[in-house]
Amino acid sequence: MAGPLRYWEDYEVGADYALGRRTVTEAEIVDFATQFDPQFFHVDPEAAKRSMFGGLIASGWHTCSIMMRMLVDNYLNPETSLGSPGVDGIRWLKPVRPGDTLTGTMRILEKRESRSKPDIGIVINEASLQNQQGEVVATIRATNLIRRRAGAA
């Protein structure tokens, strides 16, 4: 599973890319949180009802993992994606609940050539996830290293 083959030259500042859709289940929320974020409002549906959230919610880290999977499946390509030196910001804006269907979007914010590696370009982007009501539930601003076309440098 890989996104379309796109080289650095193919990315346009301001362009949006669809990342697909995914419905989140209660079982996956609990499974993820049991391993990685076992706070009661992520793992215990009954106790979560008495929390400030009024019910079970996904860990923010689970939400980020869902977004990452969407990126790998629908945006990044193993031939041109060379990793990332980091993330500049993550925002969890609304709780993700069992049964929510999340839709992802990636927007290109900036791009530049690498000064030290002429065969690599740098793309700054922001991914977002929206729930079925169109509310943005999470955003991630990141930097990606993308292969340039041969001879483009």
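The paragraphs below lead through a pair of packed helices and then through a sheet. The model is a predicted one, and residue numbers count from 1 along the chain as its sequence is written.

We begin with the helices. Two packed helices are described by the angle between their axes and the distance between the axes. Helix H1, which covers residues 26-36, packs against helix H4, residues 60-74, at an angle of about 110 degrees, and the two axes lie 9 Å apart. Because angles of 65 to 115 degrees count as roughly perpendicular, H1 is roughly perpendicular to H4. The crossing in which H1 passes H4 is right-handed. On the H1 side, the residues that meet H4 are Glu28, Ile29 and Phe32, while on the H4 side their partners are Trp61, His62, Ser65 and Ile66. Sorted by character, the residues of this contact between H1 and H4 comprise 4 nonpolar, 2 polar and 1 charged.

We turn next to the sheet, which is open and built from 5 strands in the order E1-E3-E4-E5-E2, with antiparallel pairing. Its edges are formed by strand E1 (16-23) and strand E2 (86-92), each of which pairs on one side only. On average, and with direction ignored, neighbouring strands of this sheet are turned by 20 degrees against each other. Within the sheet, strand E4 (residues 120-130) pairs with strand E5 (residues 136-147) in the antiparallel sense over 11 bridges, and Ile120 stands opposite Arg147 in E5.

Helix H4 also links the two parts of this description, since it packs on the sheet and touches E1, E2, strand E3 (101-113), E4 and E5, and its direction makes about 125 degrees with that of E1.

Notes: This is a predicted model: local features need pLDDT of at least 70, side-chain atom pairs count only at pLDDT 80 or more; totals for chains, interfaces and linings use all residues. Side-chain values use heavy atoms; hydrogens and water are left out. Axes are lines fitted to C-alpha atoms, for helices over the stretch in contact, and angles run from 0 to 180 degrees between N-to-C directions. Helices (H or I, at least four residues) and strands (E, at least two) are DSSP runs, numbered from the N terminus. Angles under 35 degrees count as roughly parallel, over 145 as roughly antiparallel, 65 to 115 as roughly perpendicular and the rest as oblique. A crossing is left-handed if the near helix is turned anticlockwise from the far one by less than a right angle, and right-handed if clockwise. Contact means heavy atoms within 4.5 Å. Ala, Val, Leu, Ile, Met, Phe, Trp, Tyr, Cys and Pro count as nonpolar, Asp, Glu, Lys and Arg as charged, and the others, Gly among them, as polar. Two strands pair if DSSP finds at least two bridges between them.
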